[in-house]
Amino acid sequence: MRPVFLIGGLASKTGLSIHAINYYIRLGLIKEVARDERSGFRLFDEETVEELNRIIELRRREVSIREILARKRDGIL
């Protein structure tokens with residue numbers, strides 16, 4: 001089974017705030033891989049951590065959110 005994280009675990013793994021992660025979810029940059037059947041909590045995997053690390057690196061290089069969204073849409077991210 002792939003490692004699965006709640007949003008707090010995702011924040012711990014990436015150093016991002018939960019607020020920032022929720023922002024990226026709303027924009028469509030990342031998405032949950034599943035929901036916990038009992039609690040309804042969103043679940044994320046290691047691939048999501050990798051996606052967020054790529055986004056973090058692009059933001060460090062001062063790539064705009066708009067450009068990151070375009071790269072995601074074009075399958076380049």
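How many aromatic pairs does the rule for ring pairs count in this chain? The count comes to 1 aromatic pair, where the rule takes the rings of Phe, Tyr and Trp (for Trp the six-membered ring) and pairs them if their centres lie within 6.5 Å, calling planes under 30 degrees apart stacked, over 60 edge-to-face and the rest tilted. Before I come to that pair, please keep in mind that this is a predicted model, in which local features need pLDDT of at least 70 and side-chain atom pairs count only at pLDDT 80 or more, while totals for chains, interfaces and linings use all residues. Residues are numbered from 1 along each chain as its sequence is written, and side-chain values use heavy atoms, with hydrogens and water left out.

Let me start with the overall layout. The protein chain holds 4 helices and 3 strands, taken as DSSP runs numbered from the N terminus, with H or I over at least four residues for a helix and E over at least two for a strand. In sequence order the pattern reads β-α-α-β-β-α-α. The radius of gyration of the protein chain is 13 Å, close to the 11 Å that the globule rule gives for 77 residues, so the chain is as compact as a globular protein of that length; the radius is taken over C-alpha atoms, and the rule is 2.2 Å times the number of residues to the power 0.38. Along its principal axes, the C-alpha trace spans about 40 × 25 × 20 Å.

Of the 77 residues, 34% are buried, which here means under 20% relative accessible area, with exposed over 50% and partly exposed in between (1.4 Å probe, protein chains only).

Now to the interior. The largest nonpolar core, meaning a set of buried Ala, Val, Leu, Ile, Met, Phe, Trp, Tyr and Cys residues joined through side-chain atoms within 4.5 Å, has 20 residues, and those touching the most other members are L10, L16, I21, Y24, I30, L52 and I55. Two or more residues each come from helix 1 (7-14), helix 2 (18-27), helix 3 (46-60) and helix 4 (65-73), and helix 3 gives the largest share, 5 residues. If we take I30 and leave aside its neighbours within four places in sequence, its contacts (heavy atoms within 4.5 Å) are L10, I21, Y24, I25, T48, E51, L52 and I55.

Helix 2 deserves a closer look. Its buried residues are A20, I21, Y24 and I25, and they cover an arc of only 145° around the axis, which puts them on the same side of helix 2; that arc is the one of the directions from the helix axis to the C-beta atoms. Their cover includes helix 1, strand 3 (42-45), helix 3 and helix 4, whereas the face turned away from the buried side carries the exposed residues H19 and R26. After helix 2 comes G28, with a positive phi near 90°.

That brings us back to the aromatic pair, which Y23 and Y24 form in a tilted arrangement, 5.9 Å centre to centre with 45° between the planes. Y23 is partly exposed at a relative accessible area of 36%, while Y24, at 9%, counts as buried.

Finally, R71 in helix 4 is partly exposed at 26% relative accessibility. Between R71 and Y24 there are 14 Å in space, C-alpha to C-alpha, and they are 47 residues apart in sequence. Not counting residues up to four places away in sequence, R71 touches L58, V63, I76 and L77.
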